[in-house]
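User: I would like to go through this structure in a few questions. Please keep the answers short and show the reasoning.

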Amino acid sequence: MASDGVNLLEVRNLKKYFSVKKGLFGRRENVLKAVDDVSFAIKKGETLGLVGESGCGKTTVGRTILRLYDPTDGEILFNGVQLQSLKQKELLPFRKRMQMIFQDPYASLDPRMTVGEIIGDPLDVHKMYQGKDRADRIKELIELVGLKPDHINRYPHEFSGGQRQRIGIARALAVEPEFIVCDEPISALDVSIQAQVVNMLEELQDKFGLTYLFISHDLSMVRHISHKVGVMYLGNLVEIADVDELYTNMQHPYTKALLSAVPIPDPDLAEQTERIRLQGDVPSPLNPPPGCPFQTRCAFAVSACREAKPELRDIGSGHKVACHLVQ
Amino acid sequence: MISIRLNEKKNSRQPDEMFPDLPDELFEKLDETQKGENEQIVRPSVSYWRDAWSRFRKDRLAMIGLCFLVVMGIAAIFGPMFSSYTYDGQDLSNGNQPPSAEHWFGTDKFGRDIFVRTLYGARISLLIGFVAAAINMVIGIIYGGISGYFGGRVDMVMMRIVDIMIGIPDLLYIILVMMFLGNSIESILIALCLTSWIGTARIVRSQVVTLKHQEYALAARCIGSSNLRILFKHLIPNSIGPIIVTVTFLVPSAIFSEAFLSFLGIGIQVPIASWGTLVNDAIPTLFTHPYQMLFPALMISFTMFALNFIGDGLRDALDPRLRK
Amino acid sequence: MKLLEVKNLRTTFQIDAGQVQAVRGISFHIDKGETIGIVGESGSGKSVTMLSIMQLLPDNARVEADRLAFDGVDLLKLDAKEMRRIQGNEIGMIFQDPMTSLNPLFTIGDQLMEPIRIHQKVSKAEARKRAIEVLKLVEIPSPESRLNQYPHEFSGGMRQRVMIAIAISCNPKLLIADEPTTALDVTIQAQILDLMRDLKKKFDTSIVLITHDLGVVASMCSRILVMYGGQIVEEGKTREVFYNPKHPYTWGLIRSIPKAREGRKEKLIPIPGSPPDLLAPPKGCPFTARCEHAMKVCAELPPVSVPVSDTHRAACWLMHPKAAKRRPEVTKHGI
């Protein structure tokens, strides 16, 4: 995948905290640190995969980049332009260039609109393709995602999950974006349909030079589609590297545990593979452990891990790890 | 040992003998076009409304109510044309006649044909009922929608205003308005629309509060839709079910309120007949000529039944969870 | 010894638009102490199959079978009361979503003790003791205090452990797990699967694992049934199905999951199209419209299930001798 080496999207020290009121009359205020100082960059034409389990903050990162949430701190740079403080009206031209594909194919399409209206909605908002061109453009988009033009007048509930997800992709592509956040786009789909959608995303990336942030908990799929992969845990980016480097030379104990937990669809290999068993549950983001967020479940934790949060450090050729035990 | 389904040659392990013998051409490759649709949608396209209508049709009471209303509406519009009597044609010699072939509902003390007056009354009452409901719906949607969507302080202030308004009895407002604006149909409409929209506003608000977190609302924001566009293009249409049901119940409520006001004497003035005034006029002769009150009262009751049945039917028909 | 025997099970649902044939004539068995996996996607009929056997379907469903026997007892002849004695007692069921399968209004203790008291007819104190034992078995720490807590105070993984505890509380002979880990994070999934394996070893329970995840069946099950369009298209020992699959759908499934051997980014080959609508199931093989090897006979006649070995069967016309030239090469590493 040819990339010109220019960073299309860059995120620096991004923080998103939510305040949760508890207690009588909501007097006690607790802070949920959904994203706690995350930095990365994505080159034009590439895919960054962001993996982690529930509560790690990966979805929040995606939504904050698109300013669906306002960041608590940090910078978001799109093609060099700072987005974090722009007002909603100033963001409008950027909304043409940055789009999102959502996780739930059953909830992300307005059930009262026909497929044609759903795909045409962004065209209307940005006043693109008006008049006769509009119908042509909608037809073009629906065929691009492998559906038939006579589906345009049908309603979302008449389609299967995979088909609905493709309608969502058509909607995202309508305004010719450059960057798409794919927020768990295949989690709700059947296995054979997942492959259809992933292949389609790859073809579209080749065809239109798209840049993706691919958020998922499916480590095998992320490995397949990404150029670079980042691992998140409790709002922190604990490791990030080029895809092959990460999967063959992972350094962070959480990354190792995560990857070993993935069931292998090959009986012989499954039997041979050593599994690292993680004990206990993920701590609550309302009450993160002191120091390194992973130290409560880490088999190698030492006293330094309880005292200070490790920095994300480059250990060579762009491979960054946040762990006191890795040099 | 796995049981063998087809023929009984249990000892054989060759697949050949398990299969029936079939002609060679059947094993030709199947053409792409002959394979059949693999993105097929089998079921007919059913829009929300058609689906709701088919459910509504099954509710017998609701259909009876609908038929009654339709018949009433047609009678109210066209009925008086077929009668030789008018609503204000007095014939004092014929006063207080019981129902007969001439006068189906009898005559009142001025000899006016009650049947025709009832039909005219239907026009007035139905007009007031539906117009009041429509105005309430519009105000309620806008108020509740804005309050629910923007949330926070806007919502808090708007809802507190509403709470205060509800605290004061409706009748007080209505009487004040009627006193200042007189007794025309317009003033009654204004009076009835003062507070009845609050129920609708609350329903709309609660729907919007729930729906604004749906992913399609988020998707609309992502596309760059303005807040008002999201509210009126996405959220309100998806709340239309409960809204319609609430509004349907506003109609009988308005009809009854108008009847009640007229009954109290602060409603429509003579000689315009509404069902309420007809009932009011018939009070002195309640025990001597009970039919004079009976017919208009029955009309009010039946219409309210009909509208309530329709409302119940609509509530079930429009509930998206019941869709199969 | 056959624990569960199913012959020609057919389940249909009556809806406004017609009749949906969710399960169209399947037959299989489960032996004592076995773990089998039923693999399939949405609409394949895998969940409906087990719900039909357990008689947990809604009123508009009709279940028919030539034979449906559990531990020698003919389930078709039982009335509701006798069936209830089996449900929860001899057959335990774990559902997919731990968030919704527990009643938020009752404590974990109440929900755990309920089946124990119903089936084993013991006192409340006895039931409580047993409940604590079971919570220890599923590795929930400080079970005595957790008994009095409500579902919302537990995490997803913990809730699923509680579900497992409820399912095994009466020492069932058969455990049906319907997508038990689909809603869980991958590290928690690993914990739950380990737990199920340990429990099975301890109590020699037979397990039916319904899932769409081939990775899960590869490590958990000794036998696999592959379902598509309401029918079993292939069944066999795990290694047979993974390394010598005979049905194009199985090939499709295996090819569409990324396996990413070192350094190689394999192309995913998806199965085009979507599953058939079982309101109007196709005449012949249900997979025809999506199969690249489809022949004319596939569209006309439903294929017969034939043996590939003593333990391996597949239902595909490609196995007919006259289709020999259409069969593709299948090796352990690719098709």
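**Strand pairing, cores and contacts**

Analyst: In this predicted model, strand β7 (residues 91–94) of chain C is one place to begin. β7(C) runs parallel to strand β8 (residues 174–178) of chain C, and four bridges join the two.

User: Which residue of β8(C) stands opposite C:I91?
Analyst: C:I91 and C:M93 point one way from β7(C), while C:G92 and C:I94 point the other way, and all are buried. β7(C) pairs with β8(C) in the parallel sense. Within that pairing, the residue opposite C:I91 is C:L174.

User: With which residues is C:V208 in contact, leaving aside its neighbours within four places in sequence?
Analyst: C:V208 and C:V226 have the most contacts inside the largest nonpolar core. The contacts of C:V208 include C:L174, the residue that stands opposite C:I91. With neighbours within four places left aside, the list is C:I30, C:I36, C:I38, C:M50, C:L174, C:I176 and C:A177.

User: Which helix gives the most residues to the largest nonpolar core?
Analyst: The largest nonpolar core has 247 residues, and C:V208 and C:V226 have the most contacts inside it. The helix that gives the most to this core, with 15 residues, belongs to chain B: α4 (residues 114–150).

User: Why is strand β3 (residues 47–51) of chain A largely enclosed by the rest of the structure?
Analyst: A:T47, A:G49 and A:V51 point one way from β3(A), A:L48 and A:L50 point the other way, and all are buried. The strand is therefore largely enclosed by the rest of the structure, the number of its residues that are buried being five of the five.

User: Which residues stand opposite A:L50 in β8(A) and pair with A:V51 in β9(A)?
Analyst: β3(A) pairs in the parallel sense with strand β8 (residues 211–216) of chain A over five bridges. β3(A) is also joined by four bridges to strand β9 (residues 228–233) of chain A, again running parallel. In β8(A) the residue opposite A:L50 is A:I215, and in β9(A) the bridge partner of A:V51 is A:V231.

User: Which element gives the largest share of the side of chain A that touches chain C?
Analyst: The contact takes 33 residues from chain A and 34 residues from chain C. Elements giving two or more residues to the chain A side include α5 (161–173), α6 (191–208) and α7 (219–225) of chain A. That side divides into 14 nonpolar, eleven polar and eight charged residues. The largest share, six residues, comes from α6(A).

User: What radius of gyration does chain C have, set against that of a compact globule?
Analyst: Chain C has twelve helices and 13 strands, and its C-alpha trace spans about 70 × 55 × 40 Å along the principal axes. Of its 335 residues, 51% count as buried. A compact globule with 335 residues would have a radius of gyration near 20 Å, and chain C agrees with this, at 21 Å.

User: How far apart do the C-alpha centres of the two domains of chain B lie?
Analyst: The domain assignment of chain B gives domain 1 (4–39) and domain 2 (60–322). The separation of their C-alpha centres is 68 Å.

User: Is B:S253 buried or partly exposed?
Analyst: B:S253 has its place in helix α11 (residues 240–264) of chain B. A residue counts as buried at 20 or more other C-beta atoms within 10 Å and as exposed at 12 or fewer. B:S253 has 18 within 10 Å, so B:S253 is partly exposed.

Conventions:
Residues are numbered from 1 along each chain as its sequence is written. Chains are lettered from A and ligands numbered from 1 in the order in which they are written. This is a predicted model: local features need pLDDT of at least 70, side-chain atom pairs count only at pLDDT 80 or more; totals for chains, interfaces and linings use all residues. Domain bounds come from an automatic or database domain assignment. Two strands pair if DSSP finds at least two bridges between them. A nonpolar core is a set of buried Ala, Val, Leu, Ile, Met, Phe, Trp, Tyr and Cys residues joined through C-beta atoms within 7 Å. Two residues are in contact if their C-beta atoms, placed from the backbone, lie within 7 Å. Ala, Val, Leu, Ile, Met, Phe, Trp, Tyr, Cys and Pro count as nonpolar, Asp, Glu, Lys and Arg as charged, and the others, Gly among them, as polar. The radius of gyration is taken over C-alpha atoms; the globule rule is 2.2 Å times the number of residues to the power 0.38.
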